[in-house]
Structures are given as structure tokens and as C-alpha cells.
Amino acid sequence: MRSRTVFAALAALALSVPAAAQSIGDATAYSALTLSPVGGVQMAPLVGGKGDTQLSFSIRYGATDAAGGAIHRAAASFAMEAGPGQFGVTAGIGFCDGCTSLTLIGVDWLAPLTTSDFRVGIRPAIGTAISNKSGGGTYYAGALSLPLSWVDANATGFRFVPFLEPGYGYGTYSASGISEQHGSRAMLGGGFALLPNDAGYTIIVSAKQVFINGAKVTYGIGGSFAISK
């Protein structure tokens, strides 16, 4: 019963959506994607040059309005070169007033498919949101997205990089005494990045939507800092 209560509270906070508007599987997918790092914090976009492959450390914050108050996520990420792209590991916490906090863990791989000013890439990502209350259960999420960026190769000083990232994700919830629910939803993220030509750091402002009737937008901000080898 305790885990069921936690699940109901998290679903209500994440959704604020009429129950009849979608299936339980749809709502579960929305919650899993929004609460986990997959959709809850903005991952780094393609910015061009060594910024897409270098060692870096990032701090990220995301917030979603919901019934009873906003849901917040604070996370840190470490990224490294992996093949033609960059492999990232994210860990953090999700919290809101009056609800059980969540431990967030995620990994993703960002790889460019083009090197023109209009950059196209691919990003598979998986993540979890684990209740910090005994018996609270765990959300699992995975997604495949197509990062799109405009990188002005002739820019001097600072580069301003607008980006979009459409994708499709899957989510499920597991807890003792609860039948597993799962579903899939489309997603769309976007925003802009600002960085110097040497890519020593990057500032990112973004918004992301996991689509479902009555869904809320997640707003995010973050900074990425290059690590010297």
C-alpha cells in the first residue's frame, strides 16, 4: 500500500492531466520520461568542433509545473569522447514540496551525422528515477532522438547555437505490489547554447515537452565546462 501511495502521488505531480484523456500506460511513459534524466534535464546539443567530443563536466537544472507545485531536478554530468561522438553519464536528484525525493541516473551517447553548418545527430539515452522512500518504486525510461543544430562556422568570439531535438521515448514503472505499467510518447526539446570559439565552456537554456494531453513543459538551464587532459 505504501508503494501504491507513492506511485499515485508522483503520477499526480508529474501529470496534472485528466485521467480519462489517456491510458495508464501513456501516463506512466510521460512520468518516467519527465522525471528521469531522459526528459527531465536538457542534455548537451551539438555545438560543433571539439565541443562535441571533448572531456567535460556539466551542471544542469530542470523544472516542470505541476499540481501542488513545481517538480525540480538538479544533476551533474560527465562526458567523454566515444567513437565519433560523446558518451555522457548523469546523476542527480528530483524533488518537490511535500513529496518523496528521487535519485536520478542516466547515460546517453551523442554522435554527429553531418558536419555542415546544419548539424544532424543521433542520441540514444536511458535513465531511471528511483524513489528514496522504501518501497517507493522506480521509473525506467529510454529514448532515441535526432539532435538538430545550426552552427555558424564563420562566427568569431562567441558562437550562438540554436537547436531542436525531436525524439520518441519509452517508459515504465516498477514497484512491489503494483502491476507493471508501460507506454511510449513523442518528445521535442529545443533552445540555444552560447560558447566561445575554444569551447572552454557552454551555457545552455532549453525547454522540453513530452507529449500527452495537458502535459507541462520542462524548462532547463545548465553549464558545461571543458576538462583539460
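Okay, let's start with a term: two strands count as paired if DSSP finds at least two bridges between them. Keep that in mind for the sheet part, and bear in mind throughout that this is a predicted model.

With that, strand β3, residues 85–95, pairs with β4 in the antiparallel sense, over 9 bridges. If you want a spot to look at, find Gly-94, which stands opposite Leu-102 in β4. The hairpin of β3 and β4 has 6 residues between the strands, and one of the things to click on there is Gly-98, with a positive phi near 80°.

Also in this part of the sequence is a disulfide, joining Cys-96 to Cys-99, with an S to S distance of 1.9 Å. Searching the whole structure turns up 1 disulfide. So how do its two ends sit, buried or exposed? Well, Cys-96 comes out at 10% relative accessibility, and since the cut-off for buried is under 20%, Cys-96 counts as buried. Cys-99 is at 22%, so that one counts as partly exposed.

Carrying on along the chain, β4 has a second partner to show you. β4 pairs with strand β5, residues 118–131, again antiparallel and over 9 bridges. Asp-108 has Ala-125 in β5 as its bridge partner, and the hairpin from β4 to β5 runs through 5 residues.

Let me zoom out for a second. The chain has 3 helices and 11 strands, and the order is easy to remember: from the N terminus on, you get α-α-α and then β elements the rest of the way. Of the 229 residues, 49% are buried. Take the contacts with a separation of 6 or more: 58% of those come from residues 24 or more positions apart. On the outside, the chain exposes about 10000 Å², with carbon and sulfur atoms supplying 65% of that.

Now the inside. In soluble globular proteins, nonpolar side chains tend to be buried together. Here, the largest nonpolar core has 20 residues, and the ones with the most contacts inside it are Leu-33, Leu-35, Ala-129 and Tyr-139. Which elements give two or more residues to this core? Those are α2 (24–35), β4 (102–112), β6 (138–145), β8 (158–175) and β9 (178–196). Of these, α2 gives the most, with 4 residues. Apart from that core lies another one, of 9 residues, among them Val-151, Ala-193, Ala-199 and Ile-204.

Staying with α2, have a look at Gly-25, which is found in that helix. Gly-25 has 12% relative accessibility, so it counts as buried. What does Gly-25 touch, leaving aside its neighbours within four places in sequence? His-182 and Gly-183. There's also a nice sequence-versus-space case here: Gly-25 and Tyr-173 are 148 residues apart in sequence, but 9.4 Å apart in space, C-alpha to C-alpha.

Last stop, Thr-202, which has its place in strand β10, residues 201–210. At 9% relative accessibility, Thr-202 counts as buried too. Again setting aside neighbours within four places in sequence, Thr-202 is in contact with Ala-193, Leu-194 and Leu-195, and also with Gly-222, Gly-223 and Ser-224. You'll recognise Ala-193 from a moment ago, as one of the residues in the 9-residue core.

That's my tour, thanks.

How values were computed: Residues numbered from 1 in each chain as written. Predicted model: local features only at pLDDT ≥ 70, side-chain atom pairs only at ≥ 80, totals over all residues. Heavy atoms only, no water. Core = buried A, V, L, I, M, F, W, Y, C linked by side-chain atoms within 4.5 Å. Buried < 20%, exposed > 50% of the residue type's maximum accessible area, 1.4 Å probe, protein only. Disulfide = S-S within 2.5 Å. Contact = heavy atoms within 4.5 Å. Areas by Shrake-Rupley, 256 points an atom, 1.4 Å probe, with all protein chains shown as cover.
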